[in-house]
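User: Please take me through the labels attached to this model, and show for each one how the value supports the word.

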Amino acid sequence: MQLLRISLLWLSCVTSVAQAASELEIDLKTLTSKSHAGRESGYADINKSARYIHSRFAETGVDVYYQSFRFRQGFGKLGYGHNVVATLPCNTPSCEPAIVISAHYDHLGSKGTRYYPGANDNASGVVVMLDIARQLITQTRHRDILFVATDAEEKGLYGAHFFAATLSPERVALNVNLDMLAVNRKNRLYVLTSKQAKAYTQTITQAFNQEIRALVFTSTARMSHRLDTPRVDWLRASDHYAFHKVGIPFAYFGVGTDPFHHTHKDQFDKVDIPKLAQVSAHINAFISALSVSAAP
Ligand SMILES: [Zn+2]
């Protein structure tokens, strides 16, 4: 009986990871497809990618809405952006401050007849965020979980700055920013946390308990040194900086460097889907550890 229970449990784990992988694959294929044209921000109409992300959140059963904003892009020209925001409320009588999960969905658009698929940067983060929403919806949650698929990150973190300004920082425990999660052969993810989020280090490393490991840094200089990226300021490199600016602690997850970054070759078939599913399971384990119980 015990054996049967274990094998059934094992089977259900395998099935759910396989299911997650196929959903991830569908979302990644769609967001990197030619019809999404490289997901460039700036247009007044709510774009196809935002509508797709909205519909996928809605399918999971979370409340979801668009948050449109304007920003100045080169030479004083006005640009339009559209964040997609979803909320999963705390469902217990005592609620701790919220967790905000962010991932930018915009990318570089197209040039001539070619487009930039942006599979790793950052369709990977968006599809993992959608996957986490699917997993958290059935759980007991001691916190509100907010999800934001930001727009206009590539043009200056505009969507994240706009969204962060709408938050009450004292009501947010942590921003988890996901940007470029397609792990390569090194099976390693790099995590930068602000000093206020240093206490989460152990919970993060414990959640990465299989072949993919998380290396956690609180110093951007040390992370740059480790990655041999002396010119990259990891604090300002992605949306977590906008949360940091309003005083919200952050943990940023990413692969560090990618030889295909901002090239036409950052495409769907370069992404190892089973590994991405494993990354998603690990990040979800971290977020669950913070939301399933009232501590820390
Ligand atoms: Zn990016």
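The exchange below sets several labels against the cut-offs behind them.

Analyst: One caution comes before the labels: this is a predicted model, and every value below is computed from it.

User: Why is the site of the zinc ion called irregular?

Analyst: The zinc ion is coordinated by His104 (NE2), Asp121 (OD), Asp179 (OD) and Asp179 (OD), at 2.0 to 2.7 Å. Four donors count as tetrahedral if all angles lie between 85 and 135 degrees, whereas the angles among these four donor atoms run from 49 to 141 degrees. Square planar would need opposite donors over 155 degrees apart, and with angles of 49 to 141 degrees the site of the zinc ion is therefore irregular.

User: How do you know that the atoms named there are donors of the zinc ion?

Analyst: The cut-off for a donor N, O or S atom is 2.8 Å from the metal, and the coordinating atoms of His104, Asp121 and Asp179 lie at 2.0 to 2.7 Å. Water is not among the atoms, so a site may look incomplete.

User: What makes Asp121 and Asp179 a pair that ties together parts of the chain?

Analyst: The donor residues are spaced H-x16-D-x57-D in sequence. Asp121 lies in helix 3, while Asp179 is in the loop between strand 7 and strand 8 (188–193), so the pair ties together parts that are 58 residues apart in sequence.

User: Why do Asp121 and Asp179 count as buried?

Analyst: Buried means under 20% relative accessible area. Asp121 has 2% relative accessibility and therefore counts as buried, and Asp179, at 5%, counts as buried too.

User: Why is strand 7 described as largely enclosed?

Analyst: Seven of the seven residues of strand 7 are buried, so the strand is largely enclosed by the rest of the structure. Strand 3 pairs with strand 7 in the parallel sense over five bridges, with Val172 as the bridge partner of Ala98. Strand 10 (residues 250–254) pairs with strand 7, also in the parallel sense, over four bridges, and there Ala251 is the bridge partner of Val176.

User: What makes strand 1 and strand 9 edge strands of the sheet?

Analyst: The sheet is open and has eight strands in the order 1-2-6-3-7-10-8-9, with mixed pairing. Strand 1 (63–73) and strand 9 (213–217) each have a single partner strand, so one side of each is left without a neighbour in the sheet.

User: How do you know that strand 1 and strand 2 pair?

Analyst: At least two bridges are needed for a pair, and 11 bridges join strand 1 to strand 2 (residues 77–88), which run antiparallel. Within this pairing, Phe69 stands opposite Gly81 in strand 2.

User: Why is His82 called buried, and which backbone oxygens does its side chain reach?

Analyst: His82 lies in strand 2, and its 3% relative accessibility is under the 20% limit, so His82 counts as buried. Its side chain reaches the backbone oxygen of Ala44 at 3.2 Å and that of Asp45 at 3.3 Å; the limit for a polar contact is 3.5 Å.

User: What makes the approach of the Asn120 side chain to that of Asp258 a polar contact?

Analyst: The side chain of Asn120 is 2.8 Å from that of Asp258, which falls within the 3.5 Å limit for a pair of N or O atoms. Asn120 lies in helix 3, and the backbone nitrogen of Leu181 lies 3.2 Å from a polar atom of the Asn120 side chain. At 3% relative accessibility, Asn120 also counts as buried.

Methods. Residues are numbered from 1 along each chain as its sequence is written. This is a predicted model: local features need pLDDT of at least 70, side-chain atom pairs count only at pLDDT 80 or more; totals for chains, interfaces and linings use all residues. Side-chain values use heavy atoms; hydrogens and water are left out. Helices (H or I, at least four residues) and strands (E, at least two) are DSSP runs, numbered from the N terminus. Buried means under 20% relative accessible area, exposed over 50%, partly exposed in between (1.4 Å probe, protein chains only). A polar contact is a pair of N or O atoms within 3.5 Å; within protein, one must be able to donate a hydrogen and the other to accept it, and residues adjacent in sequence count only if both atoms are side-chain atoms. Donors are N, O and S atoms within 2.8 Å of the metal (3.2 Å for Na, K and Ca); water is not among the atoms, so sites may look incomplete. Four donors count as tetrahedral if all angles lie between 85 and 135 degrees; four count as square planar and six as octahedral if opposite donors are over 155 degrees apart and all others between 65 and 115; anything else is irregular.
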